[in-house]
Amino acid sequence: MITKEDVMNILDLDTADYDTLTGLSELQRRVEQAHGLFTEYKIRQATDRLSGENADNPLYVLTEIDEYIDDKRHILKNAESDLTPIAWNDIEAVTREWLIPHWLPANTVTLFTGQGGTGKSWLTLQVACQIASHAEGMAWGDESYETPKVSESNDSIEQTPQHIVFATYEDEPAEIKRRLNALCYSFDWIAAERKTIETHLHIVDMRGVGSVWGPGLDKHISVTGELLRSGEALRKVCEDIRARLLILDPLSGAFGGNENDRTAVYDFVSSFRGWGDAAKCAMLVIGHLPKTPGVGFSGSTAWEASARAMWLLGAKTDEGNDSEETTYYALQHTKSNYAVKQADILLGKNSNGSWVRCDSIREACEAYTNDKGLTQEGDDDDLANISL
């Protein structure tokens, strides 16, 4: 039984300092310590109710204990949030790392957006294949992915195959495997590197698991949110295999908070940026365009402000001409904090939905027109190639 004396001994009000921020912080720490005693006591009481002839419903008791544990974890996290300044001379000067030169920075968060059904998941899988194998696949600039020249004084680029965790909320792992089969059919370099890709690409089925970040069980969405158990488990998967990239597809499944709440958005992104820096793991987060024109990501503008890089996949039309013949698909580099924005990558679709790079706008326009024609006609023979 927790007594008043136990609580007062912890608070030690006679020595409390009410007139300084440091003193108030210390008093807050004591209050949290006292809360911790009550949490332990409540857990013991709850477990006692499981014994005897009049035992309570075990499921109800376990849920109650689970809530107490969440409260205790919240207290402990707050207790560990003391800020410590870093001396300038203690900051290690390291070169900027890239998973894809100038496009995908290592150890931080990149957002990848586009209209639903555009083909973001296909392109994401192709990107994953390229990083997982470090093969020379789609060119991302004037030079191919495999051959950029990097000196000790310049930004560094990963030169070996990397482990990737693909956390999917929409497609079952079997569908991703079918798509990999289709990519092997379409691209010789993926077929040649298939064993390496399968060794380094790890699929985590998040369907039914729930968000990795949110207010938590039985808490209102107005609560800013925190890393949930599924998020801790997913981070551990990445850490255990030393993954260099975590793909979240889509954001709407991973983020359980209010996407329009600036504070909630900043907390989510900054938490994963901090974790990514410590774990040496980047994040590629797949999202949808909002209905509001001119905004790059659904929800608060904090998404664009807090991410370090952004991609946009979709149809684009030459300015001054609205005809269908001048419309084409492109991957746009809409934000880059660590490098100059790169030129659009012109793209066309294969019959199975995967992407190929086009050499000119004219070629890209023809590919777009052909894709739209195929979609409207609904040719069963061509559409059957989607799942090989």
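Tutor: Before we look at any charged pair, let us fix one term: a residue is called buried when its relative accessible area is under 20%, exposed when it is over 50%, and partly exposed when it lies in between. Please also keep in mind throughout that the structure above is a predicted model.

Student: How should I apply those words to Glu-172, and which class does it fall into?

Tutor: Glu-172 has a relative accessibility of 27%, which lies between the two cut-offs, so Glu-172 counts as partly exposed. Arg-178 is read in this way too, since its value of 28% makes it partly exposed.

Student: What joins the side chains of Arg-178 and Glu-172?

Tutor: The general idea is that side chains of opposite charge can pair when their charged atoms come close. In this structure, Arg-178 and Glu-172 meet in a salt bridge, with a distance of 2.9 Å from N to O. Another pair to look for is Glu-175 with Arg-179, whose side chains form a salt bridge at 3.0 Å, again from N to O.

Student: Where do Glu-175 and Arg-179 lie along the chain, and are they buried or exposed?

Tutor: Both belong to helix α5, where they are 4 residues apart, or about one turn of the helix. Both Glu-175 and Arg-179 are buried, whereas Glu-172 is partly exposed. If you now follow the contacts from residue to residue, you will find that Asp-171, Glu-172, Glu-175, Arg-178 and Arg-179 are linked in a network of salt bridges.

Student: How many salt bridges does the model contain by this rule, and which residue pairs with Glu-97?

Tutor: The count comes to 11 salt bridges. Glu-97 pairs with Arg-244, and their closest N and O atoms are 3.6 Å apart. This pair links distant parts of the chain, for Glu-97 sits in strand β1 and Arg-244 in the loop between α8 and β9, 147 residues apart. The two partners fall into separate classes of exposure: Glu-97, at 23% relative accessibility, is partly exposed, while Arg-244, with a relative accessible area of 10%, is buried.

Student: Let me turn to empty space. How many cavities of 30 Å³ or more does a search of the whole structure find?

Tutor: Rolling a probe the size of a water molecule over the atoms shows where empty space is left. Here the search finds 1 cavity of that size, and the volume of the largest cavity is about 60 Å³. Its lining is made by Ser-121, Leu-125, Phe-166, Thr-168, Asp-171, Ile-176, Arg-179 and Asp-249. The elements giving two or more residues to this lining are α4, β5 and α5. By class, the lining residues are 3 nonpolar, 2 polar and 3 charged. You have met two of these lining residues before, as Asp-171 and Arg-179 are also members of the salt-bridge network.

Student: What about an open space, such as the second largest pocket: what is its volume, and which residues line it?

Tutor: The second largest pocket has a volume of about 360 Å³. Among the residues that line it are Glu-92, Arg-96, Glu-97, Asn-107, Arg-273, Asp-277, Lys-280 and Tyr-338. Sorted by class, the lining holds 3 nonpolar, 3 polar and 6 charged residues.

Student: Which strands are joined to β13 by bridges?

Tutor: Strand β12 is joined to β13 by 3 bridges, and the two run antiparallel; Tyr-329 stands opposite Leu-347 in β13. Another 3 bridges join β13 to β14, also antiparallel, and there Lys-349 stands opposite Trp-355. With 5 residues between them, β13 and β14 form a hairpin, and Gly-353 in its turn has a positive phi of about 100°. Strand β13 is mostly covered, with 4 of its 5 residues buried.

Student: How should I read backbone angles, and which peptide bond is cis?

Tutor: Most residues other than glycine have a negative phi, and most peptide bonds are trans. The cis bond joins Asp-249 and Pro-250, with omega about -5°, and Pro-250 lies in the loop between β9 and α9. Asp-12 is a residue other than glycine with a positive phi, near 45°; it is in the loop between α1 and α2, partly exposed at 31%. Arg-242 likewise has a positive phi, near 55°, in the loop between α8 and β9, and its relative accessible area of 70% makes it exposed.

Terms used:
Residues numbered from 1 in each chain as written. Predicted model: local features only at pLDDT ≥ 70, side-chain atom pairs only at ≥ 80, totals over all residues. Heavy atoms only, no water. 1 Å grid on protein atoms, 1.4 Å probe; cavity = no way out; pocket = protein on both sides within 12 Å on 5 of 7 lines; lining within 4 Å. Points joined across faces, edges and corners; volume = space filled by probe spheres on them. Nonpolar A, V, L, I, M, F, W, Y, C, P; charged D, E, K, R; others polar. Buried < 20%, exposed > 50% of the residue type's maximum accessible area, 1.4 Å probe, protein only. Pairing = 2+ DSSP bridges. Salt bridge = Lys/Arg side-chain N within 4 Å of Asp/Glu carboxyl O.
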